[in-house]
Amino acid sequence: QVQLVESGGGLVQSGGSLSLSCAAPALSLSFAYYIIGWFRQAPGKEREGVSCISGSGVWIHYAESVKGRFTISRDNANNTVTLQMNSLKPEDTGVYYCAAEPEFGTTIEKTCTGIAAYWGQGTQVTVSS
């Protein structure tokens, strides 16, 4: 079982910033062959894809709602992916999950629809107005 671990959530005021981290130590040397995505789910709403990044880090997808405010990056040497969130809004509130999908045969866009093999437990992000 591949375990993904999210960290960095918390409470922040509107306009503030948070940095989320996703660690996947179990993927070890194969980490660079996985698309990693960040998803979020607000109370009463469906889960949505926030951003996904290819194994090499070259290809990146963002949801329209976060473009220009969020930045995803990865460190394949340390099996981690970071989501830097700036100019946060109350509507960014939710539980944020990271997920991993083997890159072969798929795309970051498809992964960002929620098709991923492994998921973390989630971290809460709350943005107050």
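Which residues is Thr82 in contact with, leaving aside its neighbours within four places in sequence? Keep that one in mind; we'll get there after a look at the whole chain.

**Before you click**

What you have open is a predicted model, in which local features need pLDDT of at least 70 and side-chain atom pairs count only at pLDDT 80 or more, while totals for chains, interfaces and linings use all residues. Residues are numbered from 1 along each chain as its sequence is written, and side-chain values use heavy atoms, with hydrogens and water left out.

**Stop 1: the whole chain**

Start in cartoon view. You should find 1 helix and 11 strands; these are DSSP runs numbered from the N terminus, with helices being H or I of at least four residues and strands E of at least two. Following the sequence, the pattern reads β-β-β-β-β-β-β-β-β-α-β-β. The radius of gyration is 14 Å, close to the 14 Å that the globule rule gives for 129 residues, so the protein is as compact as a globular protein of that length. (That radius is taken over C-alpha atoms, and the rule is 2.2 Å times the number of residues to the power 0.38.) Along the principal axes, the C-alpha trace spans about 40 × 25 × 25 Å.

Now switch on the surface. About 6,500 Å² is exposed, with carbon and sulfur atoms supplying 51% of it; the areas come from the Shrake-Rupley method with a 1.4 Å probe, and for residues only the protein chains shown count as cover. Of the 129 residues, 43% count as buried. Here buried means under 20% relative accessible area, exposed means over 50%, and partly exposed is in between (1.4 Å probe, protein chains only).

One more global number: of the contacts with a separation of 6 or more, 60% are between residues 24 or more positions apart. A contact means heavy atoms within 4.5 Å.

**Stop 2: the big core**

Select Ile36, Trp38, Phe70, Val81, Leu83, Met85 and Tyr96 and show sticks. Among the 28 residues of the largest nonpolar core, these touch the most other members. Such a core is a set of buried Ala, Val, Leu, Ile, Met, Phe, Trp, Tyr and Cys residues joined through side-chain atoms within 4.5 Å. The elements giving two or more residues to this core are strands S3 (18–23), S4 (34–41), S5 (48–53), S7, S8, S9 and S11 (123–128). Apart from this core lies another, of 7 residues, among them Cys52, Ala99, Cys112 and Ala116.

Centre on Leu83. Beyond four places in sequence, Leu83 has contacts that include Leu18, Leu20, Trp38, Val50, Phe70, Ile72 and Tyr96.

Hop to Trp38, in strand S4. Trp38 is buried, with a relative accessible area of 0%. Draw a distance from its C-alpha atom to that of Tyr62, 24 residues apart along the chain, and you get 9.6 Å.

**Stop 3: Thr82**

Back to the opening puzzle. Thr82 sits in strand S8 and, at 26% relative accessibility, counts as partly exposed. Its contacts, leaving aside neighbours within four places in sequence, are Ser19, Leu20, Trp38, Thr71, Ile72 and Ser73. Add Cys22 to the selection: 60 residues separate Thr82 and Cys22 along the chain, yet their C-alpha atoms are 6.3 Å apart.

**Stop 4: the helix and a loop serine**

Go to helix H1 (residues 108–111) and pick Thr111. At 0% relative accessibility, Thr111 counts as buried. Not counting residues up to four places away in sequence, Thr111 touches Ile35, Phe39, Cys52, Glu101 and Thr106.

Next is Ser54, in the loop between S5 and strand S6 (60–62). This loop residue is buried too, with a relative accessible area of 1%. Beyond four places in sequence, Ser54 touches Tyr34, Ile35, Trp59, Arg74, Glu103 and Ile108.

**Stop 5: two positive phi angles**

Most residues other than glycine have a negative phi. With that in mind, select Asn79, in the loop between strand S7 (70–75) and strand S8 (80–85). The phi of Asn79 is near 55 degrees, a positive value, and Asn79 is buried, with a relative accessible area of 9%.

Finish at Ser87, in the loop between S8 and strand S9 (94–102). Ser87 has a positive phi of about 50 degrees although it is not a glycine. Ser87 is partly exposed, with a relative accessible area of 40%.
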